[in-house]
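This report is written for reading beside the sequence and the three-dimensional view. Please keep both open while working through the sections.

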Amino acid sequence: MLLGPMAARPAFLDALAQGPLVFDGAMGTQLYERGVFLTNNLDEANLSKPDLVRAVHRDYLAAGAQVLETNTFGANAARLARHGLAGKVREVNAAAAAVAREVAGDLAWVAGSVGPTGLLPATAWPASEPERLARDAFAEQMTALAAAGVDLLAIETIRHPVEMRLALQTARAVTKLPVVAFFCFDEEGRLADGTDPGRAAELLVEWGADVVGANCGVGPHELFPVAERMLGKGRPVAISPNAGFPRLLDGRRIYLATPEYFGVHARRLYQLGVRAVGGCCGTNSDHVRRVAAAARMMGGGKTLAASGAAARGAGGGAGGAAGAAVEGGAAAGAPVREPLPVAERSGLGAKLGRRFVASVEIDAPRGLDPGKAIEGARLVYEGGADVINIADGPRASARMSNLALAVEVQRALGMEVILHVCTRDRNLLALQADLLGAHVLGIRNLVIITGDPPKMGDYPNAAAVYDVDSIGLIRMVAALNGGVDPAGKDLGARTSFAVACGVEPAALDRDRELRRLEEKLQAGANFVMTQPVYDPRLFERFLDDVRPFRVPVLMGVLPLASYRNAEFLHAEVPGMQIPDHIRERMRRAGQGPPAAEEGLRIAEEAVRAVRARIQGVYLMPPFGRYKSALRLIAPDVVGDREQLGSPFAV
């Protein structure tokens, strides 16, 4: 009989298609740290020490894991036989599934972990006795896990394609469960027989895996290029690295990759297009907590209860008013008023889609004196900019509050500003307080972003909050514009923010970026400000994709200052993709003024190429070079700014 998951739960594969998910971390090394010696059988702990196993699951769930793997990595007959437990396969697997399900409840999926049999491929495979034994071992374990009610199977840490093929064929023969298949690659990105990641992914698809991926063996840095080559084969990709390479210290194997390091690489994996990230050997709840933060930054990381409560007709976890607040929208309560038309919210709102607008970015100072920034704002104001854009701790740097500088600019110049608001540093309460305060102080334009992780900035050990991502915060602002706070309470009045969102026209996962942009617009964003553009042809394709949205687009323009600057932006700054031919132009330009001039020429070419199709530009002058950047909005570049080639009034 084919066995499948419990029908009441939201489908794992459907959720994976909607946004990035978070797998848990290591089980074996965690049990070892809690007193189960490696000479003992770790799977037997499900029977003799269930409280220890339960505690590991609870820690991972609390850290944000959405998929809990059962403690059954070696719970097949071939491996249990080494400890005299071959007759307890069903008992061990059933106990493991029961403990994981008890902890997961409605908050996470349970994945039945299936590891290698230890019956290594022999010369005579696939027609030998080891093949039959391996098939039987897989079938017995998978049947036991499915009968115990797991939601999916995770076939993991398989080094040889022959054994993976047997495992996948067996899974398809005895269950109807979704299957995630993790190969284990060596330091050079190869399987035991030399197969490369791209071909390995193709084989997994051919053999019936629903999700393809890699785990164990190496750390996140080494698995990144593996993930790159596994993408684009017709299946989602999941990656669960070790916490780096272990070192032997005082007789113990210690994994040295920090949670912060792990979290940075998790975000890079999600940005690459990987759909699920977790941890393997050496990882703990701190590593998973960083992965969950990275997932929230990318629009995922929601609990199963939050994403599936409506379908199940039940609450729990993040449900109810608190859940609605975490998701960034208003809970049921006071009626939401009709927001003001965008054209009535601000001077910028009145211009959007009616004339070609220019926004120029100025960073808040690192110290106490805002004078230089205000003089920069004066220069660009007199040079024709419509609005000043003030970033919120760009690259997680410690600076004066951008709200303070925004108020000073408006007071000194009478010029409108756009205030960046990122979700990195403040919890939901602080975000709401700052937004209400900004409105009282006369701020009417916002750019809502998730924000770079603290690891990139001045204080890498600072906590990252990320109660909501950019989509959640846009929903929250939309509710405030309707006179209601996230808890559903009546504010007594409406805010009147014009709201911009960000987008990466050169994103590696184009479909995901467009899907998230659509979600941002549905949440309440009124216009789009892009990451810097260096390839007009790629940007034209992006404009074709977003044309049905009929939303004003301000193209990001960051003139390159030097070849070194171009290489840094391309390699180190999330969301930046600078084509090879552009970087080569900067290399040939040399250094100093000639390089800066070449950077401006590249920017001018990009603006001219798409001027007729955009509604404005978002200038980011490098190193405070405001005067030279104003060339990009001169009449010989943008023409008559009162005229729009492609109007989208809001």
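The text below covers an aromatic cluster, a helix with its neighbouring strands, and some individual residues.

## Aromatic pairs

The model discussed here is a predicted one. A search of the whole structure finds 5 aromatic pairs. The ring centres of Phe12 and Phe23 are 6.4 Å apart and their planes stand at 80°, so this pair is edge-to-face, since an angle over 60 degrees counts as such. Because Phe12 belongs to helix α1 (residues 12-18) while Phe23 sits in the loop between β1 (21-22) and α2 (28-33), the pair ties together parts that are 11 residues apart in sequence.

Phe23 also forms an edge-to-face aromatic pair with Phe182, with 6.1 Å from centre to centre and 85° between the planes. Here the span along the chain is 159 residues, because Phe23 is in the loop between β1 and α2 whereas Phe182 is in strand β5 (residues 179-183), and the pair therefore ties together parts separated by that distance in sequence. Ring pairs link Phe12, Phe23, Trp109 and Phe182 into a cluster.

Are the phenylalanines Phe12, Phe23 and Phe182 buried or exposed? Phe12 counts as buried at 3% relative accessibility, Phe23 counts as buried at 1%, and Phe182 is likewise buried at 1%.

## Helix α10 and the strands around it

Which residues of helix α10 (residues 220-230) are buried? They are Pro220, Leu223, Val226, Ala227 and Met230. These residues cover an arc of only 110° around the axis, which puts them on the same side of α10. The buried residues of α10 pack against α9 (197-206), β6 (211-215), β7 (237-240) and α11 (259-272). After the helix comes Gly232, whose phi is positive, near 80°.

Two of those packing partners, β6 and β7, are also joined to α10 in another way, since β6, α10 and β7 make a right-handed β-α-β unit. The strands β6 and β7 pair in the parallel sense over 4 bridges, and Val212 has Val237 as its bridge partner in β7.

In a regular strand, the side chains alternate between the two faces of the sheet. In β7, Val237 and Ile239 point one way and Ala238 and Ser240 the other way, and all of them are buried. On the pairing side, β7 and β10 also run in the parallel sense, over 2 bridges, and the bridge partner of Ala238 in β10 is Ala276.

## Val277 in strand β10

Val277 has its place in strand β10 (residues 276-277) and is buried, with a relative accessible area of 1%. What does Val277 contact, leaving aside its neighbours within four places in sequence? The contacts are Leu21, Val22, Phe23, Ile239, Ala266, Leu269, Tyr270 and Val291. This list returns to residues met above: Phe23 is among the contacts of Val277 and takes part in the ring cluster, while Ile239, another contact, is one of the buried residues of β7. Val277 and Arg267 are 10 residues apart in sequence and lie 9.2 Å apart in space, C-alpha to C-alpha.

## Individual residues with a positive phi, and Glu513

Two residues other than glycine have a positive phi: Thr157, at about 60°, and Cys216, near 60°. Thr157 is found in strand β4 (residues 152-158), whereas Cys216 is placed in the loop between β6 and α10, that is, within the stretch that connects members of the β-α-β unit. Thr157 is buried with a relative accessible area of 14%, and Cys216 counts as buried at 11% relative accessibility.

Glu513 lies in helix α20 (residues 510-523). Not counting residues up to four places away in sequence, Glu513 touches Val503, Glu504 and Ala507. Glu513 is also buried, with a relative accessible area of 11%.

The table gathers the relative accessible areas of several buried residues.

| Residue | Relative accessible area |
|---|---|
| Phe12 | 3% |
| Phe23 | 1% |
| Phe182 | 1% |
| Val277 | 1% |
| Thr157 | 14% |
| Cys216 | 11% |
| Glu513 | 11% |

Notes. Residues numbered from 1 in each chain as written. Predicted model: local features only at pLDDT ≥ 70, side-chain atom pairs only at ≥ 80, totals over all residues. Heavy atoms only, no water. Phe/Tyr/Trp six-rings, centres within 6.5 Å; stacked < 30°, edge-to-face > 60°. Buried < 20%, exposed > 50% of the residue type's maximum accessible area, 1.4 Å probe, protein only. Arc of directions from axis to C-beta. Contact = heavy atoms within 4.5 Å. Pairing = 2+ DSSP bridges. Right-handed = clockwise from strand over helix to strand, strands pointing away.
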